[in-house]
Amino acid sequence: MTRSRRPSAIIAPSILSADLARLADEIAMLEAGGADWVHVDVMDGRFVPNLTFGAKLIETVRRLTALPIDVHMMVVEPEKYLDDFAAAGADVLTIHPEVSPHLHRQLARIKELGKRAGAALNPSTPLDAVREVASDLDLLLVMSVNPGFGGQRFIAQALDKAARARRMLDDARSPAVLEIDGGINRDTIAAAWRAGVDAFVAGNAIFAAADPRAEIGALRGRCAEVA
Ligand code: DX5
Ligand code: ZN
């Protein structure tokens with residue numbers, strides 16, 4: 001009898017922690033290390049207390065890699081940027097329901113643009129914020145830090161939330177990938193995998209590692225150990 005095997009962990013390095021002066025080299029390093037996606041953190045200084053990138057950077061990353069670009073939009077009024085980010089070459093556009101009152105419509109718009117639609121939840125935001133649209137999601141991102149900065153400490157309560165998110169998606173027969181973001185490293189990733197997480201964003205753990213390229217495989221390996 002054949003049993004269906006769980007696919008291996010999706011590793012999505014966040015270029016928030018990359019050396020942007022060497023972006024082409026950093027992306028080549030991620031590819032060589034076997035990264036699955038490239039995670040781009042867009043921050044507007046309003047939803048979160050930090051400023052980062054926009055469409056121009058997404059377009060640059062698009063020219064540098066064929067890997068899926070996973071855009072995490074930490075911005076108010078995300079609908080203002082969907083068209084530009086889609087045109088720039090994003091593959092996944094993830095918005096925060098905390099600042100998306102018309103979430104159903106906004107997710108539909110992302111799909112209309114031919115992109116995968118994601119929703120991201122801050123640590124204090126309940127799963128109920130996305131329950132009614134669970135079957136419409138291509139991705140659900142559970143934040144394991146308060147968004148705004150790389151290198152923060154993993155909030156352990158995110159594990160229980162991720163496990164509940166997994167059940168919610170399964171119950172809704174949602175095709176969504178379950179992703180976690182913030183403080184993911186060799187010590188935290190296995191527990192998140194055990195909770196049912198599919199995709200792991202990691203910034204500091206990869207870019208500050210002695211051997212960033214090897215760290216990608218090391219993180220994935222931690223999940224394989226508890227497969
Ligand atoms: C946090 C961002 C994260 C961040 C993760 O606001 O959404 O994607 O870059 O960085 P680490 O892995 O360093 O916590
Ligand atoms: Zn992120």
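## Sorting the residues

Let's start with a bit of vocabulary: Ala, Val, Leu, Ile, Met, Phe, Trp, Tyr, Cys and Pro count as nonpolar, Asp, Glu, Lys and Arg count as charged, and the others, Gly among them, count as polar. The model you're looking at is a predicted one.

With that sorting in hand, take the second largest pocket: its lining has 6 nonpolar, 3 polar and 3 charged residues. The residues in question are R6, P7, S8, I10, R166, S174, P175, A176, V177, W193, G196 and D198. As for room inside, the volume of this second largest pocket is about 210 Å³.

## The largest pocket

Now for the largest pocket, which has a volume of about 310 Å³. It is lined by 28 residues, and G150, G151, G182, G183 and G203 are the ones closest to its centre. Sorted by class, the lining comes out as 12 nonpolar, 13 polar and 3 charged residues.

Which elements supply at least two residues each to this lining? They are strand 2, strand 3, strand 8 and helix 8, the last of these covering 204-207.

## Who sits there

The largest pocket is the space taken by ligand 1. Strand 2 (38-43), strand 3 (69-74) and strand 8 (199-202) are the elements that give two or more residues to the shell around this ligand. Strand 2 has the largest share, with 3 residues.

There are 20 residues around ligand 1, and those that come nearest are D41, G148, G151, D181 and G203. By class, the shell splits into 8 nonpolar, 10 polar and 2 charged residues.

## Polar contacts with the ligand

Let's zoom in on some atoms. In G203, a backbone N or O atom lies 2.8 Å from an oxygen atom of ligand 1. Two histidines join in with their side chains: a polar side-chain atom of H72 is 3.2 Å from an oxygen atom of the ligand, and for H39 the distance between a side-chain N or O atom and a ligand oxygen is 3.4 Å.

So how much of ligand 1 does the protein bury? On its own, ligand 1 exposes 380 Å², and the protein buries 99% of that.

Notes. Residues numbered from 1 in each chain as written. Chains lettered and ligands numbered in written order. Predicted model: local features only at pLDDT ≥ 70, side-chain atom pairs only at ≥ 80, totals over all residues. Heavy atoms only, no water. Near = heavy atom within 4 Å. Polar contact = N/O pair within 3.5 Å; in protein donor to acceptor, adjacent residues only side chain to side chain. Areas by Shrake-Rupley, 256 points an atom, 1.4 Å probe, with all protein chains shown as cover. 1 Å grid on protein atoms, 1.4 Å probe; cavity = no way out; pocket = protein on both sides within 12 Å on 5 of 7 lines; lining within 4 Å. Sits in = over half its atoms within 2 Å of the grid points. Helix = DSSP H or I, 4+ residues; strand = E, 2+ residues; numbered from the N terminus. Points joined across faces, edges and corners; volume = space filled by probe spheres on them.
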